[in-house]
Amino acid sequence: MPMGTGVRHAVVIGAGMAGLAAARVLADSFEAVTVVERDTLPSAPGPRAGVPQGHHVHGLLALGAEVFEGYFPGLRAELQQAGAPVWDWGEGLRAVLPGGSPPPVPMDMPTQTFSRPLLEHVLRRRVRALEPVTVRDGLTVTGLRTTGPGKVVGVRVKDGDSEDEIAADLVVDASGRSSRLPRWLAALGLPDPRKTTVDAQIGYASRTYSCPAGQSLPSWMGLLEPLRAPDFPRGCYAIRIEDDLLHVTLHAGGGTQPPHGDDDFLAFAKTLRGPIADTITSLTPASAVRRYARTLNQKTAYHRLPRWPDGLIALGDSVCTFNPAYGQGMTVAALEARLLEQMLRSRRTRTPLDGHAFQKRLARVTAFSWLMATIPDRAWAQSHPAWPVKAGNWFMNRLIDTVPHDPKVYTAFSSLFHMTAGPLTLADPRVLSRVLIGPRPSGNLRTTTA
Ligand SMILES: Cc1cc2nc3c(=O)[nH]c(=O)nc-3n(C[C@H](O)[C@H](O)[C@H](O)COP(=O)(O)OP(=O)(O)OC[C@H]3O[C@@H](n4cnc5c(N)ncnc54)[C@H](O)[C@@H]3O)c2cc1C
């Protein structure tokens with residue numbers, strides 16, 4: 001978009017979940033929105049290099065599903081048409097917890113499961129159909145275009161050997177975990193933003209399975225066997241997805257290694273307490289095993305920088321990433337887009353967005369998810385965690401240990417997990433009393449060693 005055309009133009013760096021959600025809300029406020037994506041985007045659902053996590057189970061929490069449905073009405077039906085099952089979390093999930101498995105209980109919590117490439121494909125198609133939006137793929141953003149240190153006026157891009165610039169009134173960095181924004185800000189004379197990292201050293205190994213004729217897929221729609229420091233270093237998350245496939249992620253924490261390949265995938269599954277090994281024995285592998293190990297929680301404190309250039313914001317994994325075992329990333333990306341929408345709507349027409357204020361409010365949006373992920377992860381990452389972390393873990397463990405024995409506590413915990421309720425849901429006396437003085441788990445089954 002040439003400068004001086006008078007058209008208000010936003011550029012989004014990255015066509016991942018955060019970039020697509022941001023493009024959707026920007027399309028309501030800007031006359032033109034360009035999404036610049038480094039990968040050449042596939043025309044059908046499929047994995048791509050820029051999103052290596054796409055090979056692994058991606059659960060969308062109920063709150064995230066609700067927000068995305070609001071932005072893309074009919075999304076759930078469209079995914080369902082593409083084969084993504086919808087089921088009730090309480091009835092369809094088999095949870096294998098340290099204290100046992102809760103019996104199925106209706107929760108009225110619709111859950112839809114699919115592969116990340118399918119969700120991204122459907123969202124991308126919907127975003128592309130928005131009039132102001134252009135998606136330019138196969139183009140890498142290499143830096144910011146500025147007028148002095150205080151104002152960003154576009155991006156520099158590279159397509160093979162040719163370099164170019166795109167002018168913009170607002171640049172949105174949604175380039176994910178490998179964002180180069182700190183480096184670009186340093187070129188503007190800004191100090192390095194503080195990064196906080198909590199790394200539970202969790203490794204993922206995933207593959208999909210199909211069902212041979214004469215066999216049936218399991219009766220459960222999702223299987224969750226979470227990790228818990230220090231006694232449960234192995235776990236799994238499996239979901240039924242489109243094309244009648246079962247997507248299985250095996251994970252390991254605290255330095256324990258996930259399986260490396262096809263040969264030890266089943267062997268690792270056999271060390272778990274839940275039914276995953278029995279299930280996959282009767283199914284046919286439909287993909288190779290893929291591994292992923294960059295699962296640390298990391299937040300970059302852009303909101304604490306002494307100044308921030310006009311015409312720029314950052315969101316999604318580029319600012320705050322979570323250990324994916326808690327399934328929060330896509331939902332938080334949706335909430336950040338909602339924040340952007342609120343801030344765009346509340347300003348006077350054509351008044352520039354206050355980028356620094358956006359980063360400060362975004363830090364508040366991520367705060368709860370950050371605690372939910374890092375309190376248990378600090379138990380892996382630190383041998384002597386501080387007392388608030390110990391207290392938080394003590395309470396969370398009691399809560400999880402009560403879940404198998406009490407449907408009300410199970411429902412409250414599920415709402416918290418799906419972010420449809422805040423922590424106050426645990427203050428309900430009926431829930432709190434059961435957690436604090438309720439029955440103890442019947443037995444602490446440790447994961448066996450491989
Ligand atoms: C193993 C794993 C499992 C996960 N499981 C879940 C889950 O169950 N539930 C959940 O909600 N979340 C999950 N997540 C998190 C989720 O993937 C992200 O939080 C979410 O996709 C938001 O990411 P994003 O859009 O910020 O970044 P991404 O989705 O990573 O997208 C970033 C995009 O930017 C592009 N890009 C990067 N640099 C440039 C550049 N210079 N120029 C142009 N384009 C660029 C990339 O190619 C990519 O397309 C998981 C993550 C991992 C690693």
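Begin at the ligand by selecting helix H9, which supplies four residues to the shell around the ligand, the largest share of that shell. Keep in mind throughout that this is a predicted model.

With the ligand still in view, add H1, strand E2 (32-37) and strand E7 (140-146), since H9 (329-346) and these three elements each supply at least two residues of the shell. Then show the 37 residues around the ligand, among which Gly14, Gly16, Gly50, Gly316 and Gly329 come nearest. If you colour the shell by class, you will find 15 nonpolar, 18 polar and four charged residues.

Next, turn to the largest nonpolar core, which has 110 residues, and select Val12, Ala22, Val155 and Val172, the members that touch the most others. Helix H1 (residues 17-26) gives the most to this core, with eight residues. Centre the view on Val12 and, leaving aside its neighbours within four places in sequence, look for its contacts with Gly19, Ala22, Ala23, Leu26, Val33, Val35, Val172 and Ala174. A second core, separate from the other, has ten residues, including Val198, Ala200, Phe232 and Ala252.

Finally, select strands E11, E18 and E20, which form an open sheet in that order with antiparallel pairing. Strand E11 (195-198) and strand E20 (320-321) are at the edges and have a single partner strand each, so one side of each is left without a neighbour in the sheet. Between E11 and E18 (residues 297-300), which run antiparallel, there are four bridges, and here Thr197 stands opposite Gln298 in E18. To finish, add helix H10 (residues 355-381), which lies across E11, E18 and E20 and runs at about 135° to E18.

Definitions and conventions
Residues are numbered from 1 along each chain as its sequence is written. This is a predicted model: local features need pLDDT of at least 70, side-chain atom pairs count only at pLDDT 80 or more; totals for chains, interfaces and linings use all residues. A nonpolar core is a set of buried Ala, Val, Leu, Ile, Met, Phe, Trp, Tyr and Cys residues joined through C-beta atoms within 7 Å. A residue is buried if 20 or more other C-beta atoms lie within 10 Å of its own, exposed if 12 or fewer, and partly exposed in between; C-beta atoms are placed from the backbone. Two residues are in contact if their C-beta atoms, placed from the backbone, lie within 7 Å. A residue is near a molecule or strand if its C-beta atom, placed from the backbone, lies within 6 Å of it. Ala, Val, Leu, Ile, Met, Phe, Trp, Tyr, Cys and Pro count as nonpolar, Asp, Glu, Lys and Arg as charged, and the others, Gly among them, as polar. Two strands pair if DSSP finds at least two bridges between them. Axes are lines fitted to C-alpha atoms, for helices over the stretch in contact, and angles run from 0 to 180 degrees between N-to-C directions.
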